[in-house]
Amino acid sequence: MKNNIIKAVIMFSLLFLFGGSMVYAADENRTVDGMLGVRPPEGTAVQVSSISNARPGEYAFDNDLKTYWNSKGYSEYLQLIFPAPITLKNVQLAVVVSPNLSNVNYTIYGQVNGTWVPISSAKKVKVEQKLNQASILPPFDVTPGKYSGIKIAAESSDTWIAIGEITLGKFQTQGLTATSGDSQVTLKWDQVENAESYTVKYGTESGKYIETVTATKDSYGNFVIPELTNGTKYYFVVSAKVNGVDSEYSNEASATPQGGGQTDPEQPSGNRAILVVTMTTGLEKEFDLSMKEVNDFIAWYESKQSGAGSASYAINKHDNNKGPFSSRKDYMLYDRILTFEVSEYSK
């Protein structure tokens with residue numbers, strides 16, 4: 001009890017010194033149980049219109065549904081200023097009321113170039129009282145855009161305003177997948193409502209995208225990137241444009257185009273096989289191997305294709321391989337392999 005009183009005194013002293021505003025270090029990588037979106041990012045500044053019962057604004061995103069910002073009145077606001085602008089599509093609140101059932105009007109504002117503009121319509125919500133816990137409301141859709149802060153304004157005729165948690169739904173394209181073809185890759189992603197167009201970026205290094213193409217609003221289910229180099233791995237991301245605003249980029253997807261319509265090889269079952277590997281340069285390398293050696297090679301190739309394993313694989317040349325080889329082991333680089341063929345035989 002004594003520790004709690006000391007804690008409250010320190011909190012009020014900080015609020016007094018900094019004019020009712022303080023910075024709270026939130027963990028943006030964690031969610032709140034039962035809520036959508038993520039907590040405000042680390043370094044977000046909080047400012048509220050009033051405080052009651054030693055419950056400051058930081059309680060509105062401390063990842064604890066049993067604590068909450070408590071205001072003094074029935075018409076109040078809480079605002080968050082982010083350390084960097086965030087692209088949003090919705091905001092979710094967990095709120096607390098005093099009577100058994102209260103009607104509260106909520107309006108969300110976004111800060112653009114230092115100015116607060118309404119980004120949601122005023123919405124009246126019936127909120128039930130829960131003992132020592134906030135009620136989680138459905139997310140409030142906001143005008144998709146990039147905002148340096150949000151303000152939550154609330155009005156009620158029968159309860160003080162109190163907010164237990166705030167989570168942010170980022171405006172982001174999702175579900176990107178990539179499928180290899182001959183000199184091309186086909187992309188698919190989740191449709192974004194009201195998208196005007198999509199922007200696809202890609203390159204040959206993860207996280208580094210040097211090419212940009214624009215896709216129409218109906219291309220999300222089957223968008224082909226042509227004229228790619230077979231045997232080279234490409235990395236892709238996509239964003240949507242809604243009301244002139246670009247979403248955050250999607251997850252990264254990757255694929256390696258292959259010539260001749262190659263599909264995943266079947267596991268051979270003979271005693272031995274001739275393995276012919278065609279390199280991206282057109283050079284063919286032929287190996288007479290046991291089925292165990294062939295299966296080991298295929299396992300490495302498929303593992304690397306899924307993003308795991310080493311970049312190279314050593315094949316023992318033995319004494320029965322064709323070609324002017326100077327080494328008894330041939331090191332195959334995954335991104336230099338175009339196709340390979342397995343011809344089984346019994347010995």
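Two strands pair if DSSP finds at least two bridges between them; strands (E, at least two residues) and helices (H or I, at least four) are DSSP runs numbered from the N terminus. The model is predicted, so local features need pLDDT of at least 70 and side-chain atom pairs count only at pLDDT 80 or more, while totals for chains, interfaces and linings use all residues. Residues are numbered from 1 along each chain as its sequence is written, and side-chain values use heavy atoms, with hydrogens and water left out.

**Exercise 1.** Find the strands that pair with S19, and put the sheet in order.

*Solution.*
Step 1. Start with S19, residues 272–279. Antiparallel to S19 runs S20 (residues 284–290), joined by 7 bridges; Val-277 faces Lys-285 there.
Step 2. Now look at S23 (residues 337–345), also antiparallel to S19, with 8 bridges. Here Ile-274 stands opposite Ser-343, and Met-279 has Ile-337 as its bridge partner.
Step 3. Put these together: the open sheet has 3 strands in the order S20-S19-S23. S20 and S23 are the edge strands, each pairing on one side only. From one strand to the next, the twist averages 20 degrees.

**Exercise 2.** What packs on this sheet, and is S19 mostly covered or uncovered?

*Solution.*
Step 1. Helix H2 (residues 291–305) packs on the sheet and touches S19, S20 and S23 (contact: heavy atoms within 4.5 Å).
Step 2. The direction of H2 makes about 155 degrees with that of S23 (axes are lines fitted to C-alpha atoms, for helices over the stretch in contact; angles run from 0 to 180 degrees between N-to-C directions).
Step 3. S19 is mostly covered, with 7 of its 8 residues buried (under 20% relative accessible area, 1.4 Å probe, protein chains only).

**Exercise 3.** Trace the hairpin of S11 and S12, then find the other partner of S12.

*Solution.*
Step 1. Strands S11 (residues 177–181) and S12 (residues 184–188) are antiparallel, with 5 bridges. Ser-180 is matched with Val-185.
Step 2. Between the two strands of this hairpin lie 2 residues; in the turn, Ser-183 has a positive phi of about 65 degrees.
Step 3. S12 also pairs with S15 (residues 223–225), in the antiparallel sense over 3 bridges. There, Leu-187 has Phe-223 as its bridge partner.

Conventions. Buried < 20%, exposed > 50% of the residue type's maximum accessible area, 1.4 Å probe, protein only.
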